[in-house]
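Reader: I'd love a close look at one part of this model rather than a quick tour. Please pick one turn, follow it outwards into its surroundings, and give me the cut-offs as you go.

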Amino acid sequence: MEKKQIEEMIDLAIRQMDYSYAPYSHFHVGAALLSQNGTYYTGCNIENAAYTPTNCAERTAFFKAVSEGVRDFQAICIVGGKDGVPTEYAAPCGVCRQVMMEFCDPETFQIILAVSREKYDIFTLKELLPIGFGPDNLE
């Protein structure tokens, strides 16, 4: 992945934090998901007073894409922080990793965890979910 594209994804994810609905945790998260066809799908976290119905930024982006018929993905960038200020990496939760496992090749799908354009790391899904359970396990 080229640095310019990584920076574009980081910028998109940071902008998504502005749309976050986090009145309980005050932890705002934004995500930018890149499909294989080059289209970006964005997401933010959306909290709920009952907690369980809360949806993470990553799943929001994936569900937007899948609801439009897209199921092939290259990478996702995730940015988050208390009161909307990214200060450390906001790694995807287990549920989000499992959603990624449903639609992505764990060997090649890239997860960009960022604080800024200058501070980020890139992981494969397999690195963050080493022994994942996915559709291939059911064949």
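Author: Let's start in the hairpin of β1 and β2, where 4 residues lie between the strands and Gly38 takes a positive phi near 90°. Strands here are DSSP runs of E with at least two residues, helices are runs of H or I with at least four, and both are numbered from the N terminus. Two strands count as paired if DSSP finds at least two bridges between them. The model is a predicted one, so local features need pLDDT of at least 70 and side-chain atom pairs count only at pLDDT 80 or more, while totals for chains, interfaces and linings use all residues. Residue numbers run from 1 along each chain as its sequence is written, and side-chain values use heavy atoms, with hydrogens and water left out.

The two arms of this hairpin run antiparallel and are joined by 5 bridges. If you would like a landmark along them, Ala31 stands opposite Gly43 in β2.

Now look at Ser35, which lies in strand β1. With 0% relative accessibility, Ser35 counts as buried; that word covers anything under 20% relative accessible area, exposed means over 50%, and partly exposed is in between (1.4 Å probe, protein chains only). The Ser35 side chain makes a polar contact of 2.4 Å with the side chain of Asn37. Such a contact is a pair of N or O atoms within 3.5 Å; within protein, one must be able to donate a hydrogen and the other to accept it, and residues adjacent in sequence count only if both atoms are side-chain atoms. Setting aside residues up to four places away in sequence, Ser35 touches Tyr41, Val70, Asp72, Phe73 and Gln74, where contact means heavy atoms within 4.5 Å.

What holds for Ser35 holds for much of its strand: 8 of the 9 residues of β1 are buried, so β1 is largely enclosed by the rest of the structure. Besides β2, strand β1 has β3 as an antiparallel partner, joined to it by 9 bridges. Within that pairing, Ala32 has Cys77 of β3 as its bridge partner.

Step back to the whole sheet and you find 5 strands in the order β2-β1-β3-β4-β5, forming an open sheet with mixed pairing. Because β2 (40–44) and β5 (120–124) stand at the edges with a single partner strand each, one side of each is left without a neighbour in the sheet. On average, neighbouring strands are turned by 20° against each other, direction ignored. Helix α1 (residues 3–16) packs on this sheet and touches β1 (27–35), β2, β3 (73–82), β4 and β5, its direction making about 140° with that of β1. Axes are lines fitted to C-alpha atoms, for helices over the stretch in contact, and angles run from 0 to 180 degrees between N-to-C directions. At the β5 edge, β4 (residues 110–114) pairs with β5 in the antiparallel sense over 5 bridges, and Gln110 is found opposite Thr124.

Strand β3 also holds Lys82, which is partly exposed, with a relative accessible area of 48%. Beyond its neighbours within four places in sequence, Lys82 is in contact with Ser25, His26 and Phe27.

The hairpin strands meet a second helix as well: the buried residues of α2 pack against β1, β2, β3 and α3 (94–103). Since 8 of the 11 residues of α2 (residues 57–67) are buried, this helix is largely enclosed by the rest of the structure. Phe62 and Val66 are among the buried ones. After α2 comes Gly69, another glycine with a positive phi near 90°. In α3, Cys96, Arg97, Val99, Met100 and Met101 are buried, and what covers them includes α2, β3, β4 and α4 (125–128).

To put our hairpin in its setting, the protein comes to 4 helices and 5 strands, arranged along the sequence as α-β-β-α-β-α-β-β-α. Buried residues make up 43% of its 139 residues. Among contacts with a separation of 6 or more, 61% join residues 24 or more positions apart.
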